[in-house]
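Me: I would like to go through this structure slowly, asking at each step what justifies the word that is being used for a feature.

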Amino acid sequence: MQLIYVQTDRCLGCRTCEIQCRVEHAEEKNLFAAIRQIHPPKKRLFIEQQGKVKAPILCHHCDDSPCMAACITGSLYRDEHGIVQRKDELCIGCWSCIMACPFGVVARDADVHVAVKCDRCPDREIPACVASCPTKALRLVDADQLSKERRQEILFRGSSLAE
Amino acid sequence: MKCSIDPAVTEVLNNHKGGNKLKTAWDRYEAQQPQCGFGELGVCCRHCMQGPCRIDPFGEGPDRGICGATADTIVARGVARAVAGGTASHSGHALHIAHVLKKMLAGKTPDYAIKDEVKLKAVAGRCGIAIEGRSSKEIAQDLVEKALSEFGDKGEALTWAATTVTKARLETFSKLGIVPTSIDGTIAEVMHRTTYGVDADPVNILLGALKCAVADYTACHLATDLSDILFGTPQPVVSKANLGVLKEDAVNIALHGHNPLLSDIIAQVASEPEMIAEAQAAGAAGGLNVVGICCTGNEIMMRHGIPLATSSISQEVAIMTGAIDAMVVDYQCIMPAIATAAECFHTKVITTMPIAKMPGAEHIAFSDENAVECARAILRQGIERFKSRNPDKVCIPQKSSTAIAGFSAEAIVAALAKVNADDPLKPLIDNIVAGNIRGICLFAGCNTVKVPQDHNYIEMVKKLLAENVLILATGCASSAYARHGFMTSEATIRYAGKGLAAVLTVIGEAAGLGGPLPPVLHMGSCVDNPRAVDVAVAIANKLGVDVSQLPVVASAPEAVTEKAVAIGTWAVAGGLPTHLGVVPPVLGSKLVTEVLTSTVKDLLGGYFIVEPDPAKAAVALLTVIDERRAGLGL
Amino acid sequence: MEYLIVGGSIAAASALTAIRKNTPQAEVRVVADEPVPFYYRPLIPYLLDGSRTADEILFAEHPPTVLGAELLHDQCIGVESKQHLVRLRSGRELRYGKLLLAAGGAPVMLLDDLPGAKSEGVFALRSLDDAVKIRQYLLHCKTVAIIGGGLVGIKAAEALFRAGLSVTVIEQQPHILALRADSFAADAIAERLRSKGMTLLTEEDSEEIVTSAGKVNTLRLASGRTVTADMVILAVGVKPNIDFLKNAGLEIEHGIVVNQQMQSSVPDIYAAGDLIQFIDQADGKTVVSGLWSNAVHSGRVAGCCMSGGRAVLPPLLSVMNSTEIAGLPLLSAGVLDDPQGRYTVFAEACGNSYRKLLFDQNRLVGMIFLGQTERAGVYANLIRCQIPLEKSRREQLVREVMGAIKRV
């Protein structure tokens, strides 16, 4: 499964990912139209800051998803790619998923009375947040590939120490 | 995405020999995607060090900056500063010419002279300077003092603004408090009022921007007038445009930038037999081939018939032909990327102005006191570089179009005078009234990476010409139409509606062109936009109406620069409905958007029409033209 | 190994899913007393006004079908643990290798106490069948009295109000939603419901359901007040459905006593869902609760452990609710009130937005968010997992929660 990997030291807090997330989920995928939507699209990831660290906080599509466990309508489900998706028409706006998500990344769209969360941009190969990050703080990676990279990094550090 | 609809540019982009690592503006545009949404909407502010602040355009996050500024205030301040930036450019351009004129009169710049006494007297007369019985030098001395006084604190309405618009327009400006009394003072005023904690009223800020735009108009008009006096008022001239004008067997020198102070001298020197001989001695059988790029290209094309290579957005592409030996630049619209592109070839980039240097280029300070020698030295650099040209890397597309350029207001009136010597404007007005000319549209501005180069220009002009709209063009708009063959008699036959074609044929034949006037009239560089205003004002005065009532519109369908923002804003102030084909960074404020596209219409008659789709934009402009015709009872 | 699951709701479904992950082939039977497919029980109030149909609240995929289990629509009436068999209402007896008790809760009907409670027009609201019956009956009604101002009562009140009935809610406690809100939040919600036109009576006991021609006509209250009602809905509460286990030998206190693997005190019998008791992480008390997510978690753990896997019940709360009432989201978790002054309490209100945090020394133990939902799960998780917080973190947390209050 592919993961969105966040390198917090690269995040400048520019919120480009948030904006592009909204645009991707707008009726017309266009910023100028999106801001004029009667019910503007909601973002599904959130730039947060603690001390000097800025980072996008986004859905992990947890294996043991608390949001899915809390959903009382069957609106939340896991698709064939392992992504926790929603069926809008089933959502009653009880916000149980918001209450359940320990990352705080399910949002309430009060205008249309449904919960919104990351859907990994089904219309795109690379999610809008990843594609838009100007500093590449967000990356779409294969879990195994990422582990390999980390191992390589450690080897590299070891070899530079040895030198 | 398609980069350009210009076949020559496309050919070079596809076939150049600069290697894969050579990147162009289009590549860099792609690398910038997606661009910052806050910036696109104009809702970020960096005017103080408590910031940067941003307003959430979706209404969930902050609705105010730290100081309390709303999106309306921030967007309005951004617009005003863009206008000030554009005005500063034109002020610098105009002031530079005025200084040289002053030094010339003092005998310090022997390579410059008063070339057009008729224009000198006309301008001086308009400015209230006594002419009778005085020498050109005396008149010019008064005129240059008057010109220089426009930049400082004049204490009264700027002369070049007050004497070149209709009386009614000046009254409208006065009522709104947007008559500037200083060009540079108004720029400073905008910077002051938009700095931390000064003007927070978005409407008041926009009025400040309008006032600054009027100062920009003043600077532009002054620059054009003084250029004509020093270098001659343009007259129709046949030349060629597009990259096919580069010659494989000649030393190709590209002049790029804006001010004729540099380029006009180089153009003169390049025809000296000694220089040509030096080029031939270096192995260039074809001698010296000077070509123009961007507005410098327009300046030397309309005054010397020197061919135009390409426009601003494709300046790198000119280097990518591998055939340019030196690219000589002054200021404005010079992309720092040309030095990087030049590294892949033998081309030498030569900067000439103390305020405009660039890493990777050679700087040869251009001295107006020793202009011809400087020009020769620069040309010799190009001749020297020719020896290192690698023929394997040359890719000159065999594509260029004939272009008739040089339609200054004076030239247009002169052509009309061939039809009616007593009342030259009458044929024009009669045909507007009769509907043979449905309206007039001024195309101005740049090329942008945001649409394929020239696409919007060409789509719109075809539609408007077919509907009998006469087209005036300046800046990179004129370059687009020159490169695409719209500045020929054949273009009139091919594209103009029946009524328009008939009128252009009558005038063209009367003027001795042996065919119709081109349907798109090349009025000069971007600083020359006031030439179009002069025509409109003359018509309005003749009819006893204001410009805001005429079926005259403007369009900058591929605008880029702050100068374009300033020009567009003064076009609106002048009463012209003005189309923008790229979305300016204002949509983050509903109020500012509303003011610029609607409210301002009630105050000034002009307003912005933002429409990225060229077909829809053409329809919108035709609708406005028809509204105005109806308003005049036509 | 034969698995038998008693129960037809989410705990049973979660357990079945978990069992199938471990044993794709084993024989699994499910005994469910309601004669309908698996459905989302919390949605039954939405049937009352027709905003959902019965079909629309069914599971998209019926668990016994997709997971391969035999479903018997029957009722378990006894467990013989020594013989490893259960007895069903139909007279059938089923053997089991491992048994999961997931029979959920049963409504408190007050049948014995309240005169007239068996009349035509009196309903409970616990099952899909109840909801369908109410929906049919309300077509002949103009007024309804709902006994019980808890979440089910209030959700039913809203639905019936939307359906056009004149609604009166009778609550014994001083305020409605006693288990899910403090008095401030409850009063704010009550005020909004009243302003829409509902009648909410608090500190009132029902004394008698008066009938006319055999049908409900009036509800008489202990205070002497009478409420005109063509229909009465009993929404007093739910108790663990454990009466049928009296002779099974299971250790039972508030609910069935289970360990972290959901094993009861009797070998090979597991329990999950609304009928177990567990430790509430907020205050350490032993509780039963009817929370959907608790049923999901306990069902999953039970199913996993029964079928040879390893799992541990995650920390749970008896209050971790979210709902929207009268257009206001109400999210609450853990301890909601502090009558004894044990906790450090922060509360702020702005318009209809209200936020409250309760700390027990270095731990967040309770929260109420009314009107705004942002990041509620982050704080609820701090409560559920009993995460110790340093002073600076606590202060920051209070600042960020209270600082984000916006007028709604």
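The exchange below takes up the model's salt bridges, domain contacts, chain contacts and strand pairings in turn.

Me: Before we start, what kind of model is this?

Reply: This is a predicted model, and side-chain atom pairs are counted only at pLDDT 80 or more.

Me: What makes the pair Glu369(B) and Lys103(B) a salt bridge?

Reply: The closest N and O atoms of Glu369(B) and Lys103(B) are 3.1 Å apart. A salt bridge requires a side-chain nitrogen of Lys or Arg within 4 Å of a carboxyl oxygen of Asp or Glu, so the pair qualifies. Between domain 2 and domain 3 of chain B the count is 3 salt bridges, and the count of residue pairs in polar contact there is 9. On the side of domain 2 of chain B that touches domain 3 of chain B, α4 (71-105) and α10 (202-231) of chain B each supply at least two residues, and the largest share, 7 residues, comes from α4(B).

Me: How do you know that domain 2 and domain 3 of chain B are in contact, when 30 Å separate their centres?

Reply: The 30 Å refers to the centres of the two domains, taken over C-alpha atoms, whereas contact is defined by heavy atoms within 4.5 Å. By that test, 17 residues of domain 2 of chain B are in contact with 18 residues of domain 3 of chain B. The area buried between these two domains is about 1,500 Å², and carbon and sulfur atoms give 54% of that area. In the assignment for chain B, domain 2 covers 71-231 and domain 3 covers 243-393, alongside domain 1 (36-62) and domain 4 (405-631).

Me: Why are Arg108(A) and Glu324(C) said to meet in a salt bridge?

Reply: The distance from N to O between the side chains of Arg108(A) and Glu324(C) is 3.6 Å, and the cut-off is 4 Å; the pair therefore meets the definition. Across the interface of chain C and chain A the rule finds 3 salt bridges, and 13 residue pairs are in polar contact there. The elements that give two or more residues to the side of chain C that touches chain A include α7 (292-306), β22 (320-325) and β23 (328-334) of chain C.

Me: What numbers describe the interface of chain C and chain A?

Reply: In this interface, 32 residues of chain C are in contact with 27 residues of chain A. The area buried between the two chains is about 2,200 Å², of which carbon and sulfur atoms give 56%.

Me: Which values show how domain 1 and domain 2 of chain C meet?

Reply: There, 18 residues of domain 1 of chain C are in contact with 14 residues of domain 2 of chain C, and the buried area is about 1,400 Å², with 67% given by carbon and sulfur atoms. Ile44(C), Leu48(C) and Asp49(C) supply 43% of the area that domain 1 of chain C buries against domain 2 of chain C, more than any other three residues. The count between these domains is 2 salt bridges. Arg126(C) and Asp274(C) meet in a salt bridge at 3.5 Å from N to O, which is within the 4 Å limit. Helix α2 (residues 45-48) of chain C gives the most to the side of domain 1 of chain C that touches domain 2 of chain C, with 4 residues.

Me: Why are β4 and β6 of chain C said to stand at the edges?

Reply: In chain C, 3 strands form an open sheet in the order β4-β5-β6, with antiparallel pairing. Since β4 (76-80) and β6 (93-95) of chain C each have a single partner strand, one side of each is left without a neighbour in the sheet. The twist averages 25° from one strand to the next.

Me: How do you know that β5 and β6 of chain C pair?

Reply: Two strands pair if at least two bridges are found between them, and strand β5 (residues 85-88) of chain C and β6(C) have 3 bridges in the antiparallel sense, so the criterion is satisfied. In β6(C), Glu93(C) is the bridge partner of Arg87(C).

Me: What makes β18 and β20 of chain C a pair?

Reply: Strand β18 (residues 256-257) and strand β20 (residues 276-279) of chain C are joined over 2 bridges in the parallel sense, and the definition asks for at least two, so they count as a pair. Here Gln277(C) of β20(C) is the bridge partner of Val257(C).

Methods. Residues are numbered from 1 along each chain as its sequence is written. Chains are lettered from A and ligands numbered from 1 in the order in which they are written. This is a predicted model: local features need pLDDT of at least 70, side-chain atom pairs count only at pLDDT 80 or more; totals for chains, interfaces and linings use all residues. Side-chain values use heavy atoms; hydrogens and water are left out. Axes are lines fitted to C-alpha atoms, for helices over the stretch in contact, and angles run from 0 to 180 degrees between N-to-C directions. Domain bounds come from an automatic or database domain assignment. Buried area is the accessible area (1.4 Å probe) that two parts lose on being put together, summed over both. A polar contact is a pair of N or O atoms within 3.5 Å; within protein, one must be able to donate a hydrogen and the other to accept it, and residues adjacent in sequence count only if both atoms are side-chain atoms.
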